[in-house]
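Welcome to this short tour. Please open the structure in your viewer and keep the selection tool handy.

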Amino acid sequence: MLLGELPAAVSDPVNAAILAVSEDRLSGFQEDPFGEIAQRAALPVQTVLERIRAMCSAGTIRRVRQTLMATNLAQGALVAWQVDSEALHAAFEYMACEDPFSGHVVIRTTDAATPGSTYRLWTTLKVPQGYSLEKHAEFLRRKVGATHFRLMPAKKLFVLGVGHIRRRAIEPGSRADQPADVQDTSVVELGAKEWQVLAALKREFEPSEIVRDLWSARAAEAKLDLASFLAVARSLDERRVIGRFSTFLEHVKATANNERVTRYNALFHWRVPAGREIDAGREVGRHHIMTHAYWREAGPEFRNVNIMGVAHGLEKARLLEHKAAIDAHLAEAGVAVAYTNVFWGGRSEIKPSEISPQAYQDFCEREGIDADAMR
């Protein structure tokens, strides 16, 4: 069957079986990711390769890549931006299209006017090692005409994944037997060869590159033989700077057969007592619906919330049921919540933040900035 004739919809049972594994089940560096997907999905590897190529070509899968633990490779933060309404979408465009260091770019709203609801634009931001997150955010503020911004670095991580197809059938309150693990956010310093391998590892794969022998071409790109390339990749994995191998779905826009993977993106906020942040984050993170959960200090603009998490779904009411179940569980666990809120995602663009120091120098040159002044 020709590529264009293969089913590309997420509702196709073969595609759904592949995506249930390939979205967020392959942790760490994967030497043979498509073979691993095939084994876990009980499908021939050739079928897996053909279907992933077809979903990529149709736009159902927006990227295939070996992800990194960017929080351990670059200084980063969630940023809330206060931008006047008339400048909001232009600011969105610049962050999404012109700034390689802004990742998730989302316009958010709340159901009622609350502290922080005037912060409509939310982004993730990372700057490569050696450069200042605050200086880059201030550059962006001037560039897009924002009146104010709030940087919220992650102090601890509890969940970092995707798995939208797998999560569709999850019932409110469904959670792991144990609290989520705590992940540190300290930055790991790398040598030149490690950055060389990392640059080749993280670049997303074009449909034509989706083959069983995945890494030979990337090793050549890094100017290394395959064995050396794999050895460095394994060592990076041991140092916990490799995330997972993943197929990322286009989960906001319509895909093949006019299907949507999700319709609602909810950013949950909780304020818990000082000293209980890790307890609360682990309890939130054990709920299967959560794709992200962090300890972040949001400050007075957001009533000092300190635990945040993201969940996606097809129905707003269902996501609120999930949140109600998490709220009830926090109460049962003895974690008092003084304030909580939901910020709903609207227009959004999702891309990986660039973390290469060379890329930052190139950006500064393009924008007419003295790179040394941004350190």
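Start by selecting glutamate 138 and arginine 142, whose side chains meet in a salt bridge, 3.6 Å from N to O. Keep in mind along the way that this is a predicted model. Both residues belong to helix H5 (residues 133–144), and because they are 4 residues apart there, about one helical turn separates them. Now turn on the surface: glutamate 138 is partly exposed, with a relative accessible area of 25%, whereas arginine 142 is exposed, at 53%.

Next, pick glutamate 301 and arginine 150. Their side chains also form a salt bridge, at 3.6 Å from N to O. Where do glutamate 301 and arginine 150 lie? Glutamate 301 is in the loop between strand E10 (290–296) and strand E11 (307–313), while arginine 150 is in strand E6 (residues 148–152), so this pair ties together parts that are 151 residues apart in sequence. Glutamate 301 is buried, with a relative accessible area of 19%; arginine 150 is partly exposed, at 22%.

For a third pair, select arginine 218 and glutamate 209, joined by a salt bridge of 3.4 Å from N to O. Is arginine 218 buried or exposed? Arginine 218 is buried, with a relative accessible area of 1%, and its partner glutamate 209 is partly exposed, at 24%.

Then highlight Glu98, Lys143, Arg366 and Glu367 together: salt bridges link them in a network. How many salt bridges does a search of the whole structure find? The search finds 26.

Now move to the helices. Show helix H1 (residues 13–22) with helix H3 (residues 45–58); they pack at an angle of about 95°, and their axes are 10 Å apart. H1 and H3 are therefore roughly perpendicular to each other. To see the contact, display Val14, Asn15, Ile18 and Leu19 on H1, along with Thr47, Val48, Arg51, Ile52 and Met55 on H3. By class, this contact of H1 with H3 has 6 nonpolar, 2 polar and 1 charged residues.

Keep H3 on screen and add helix H2 (residues 33–41), which packs against H3 at about 110° with the axes 8 Å apart. That angle makes H2 roughly perpendicular to H3, and the crossing is right-handed. Finish by selecting Phe34, Gly35, Ile37 and Ala38 in H2, which meet Val45, Val48, Leu49 and Ile52 in H3. In this contact of H2 with H3, 7 residues are nonpolar, 1 is polar and none are charged.

Methods
Residues numbered from 1 in each chain as written. Predicted model: local features only at pLDDT ≥ 70, side-chain atom pairs only at ≥ 80, totals over all residues. Heavy atoms only, no water. Axes fitted to C-alpha atoms, helices over the stretch in contact; angles between N-to-C directions. Helix = DSSP H or I, 4+ residues; strand = E, 2+ residues; numbered from the N terminus. Parallel < 35°, antiparallel > 145°, perpendicular 65-115°, else oblique. Contact = heavy atoms within 4.5 Å. Nonpolar A, V, L, I, M, F, W, Y, C, P; charged D, E, K, R; others polar. Left-handed = near helix turned anticlockwise from the far one by under 90°. Salt bridge = Lys/Arg side-chain N within 4 Å of Asp/Glu carboxyl O. Buried < 20%, exposed > 50% of the residue type's maximum accessible area, 1.4 Å probe, protein only.
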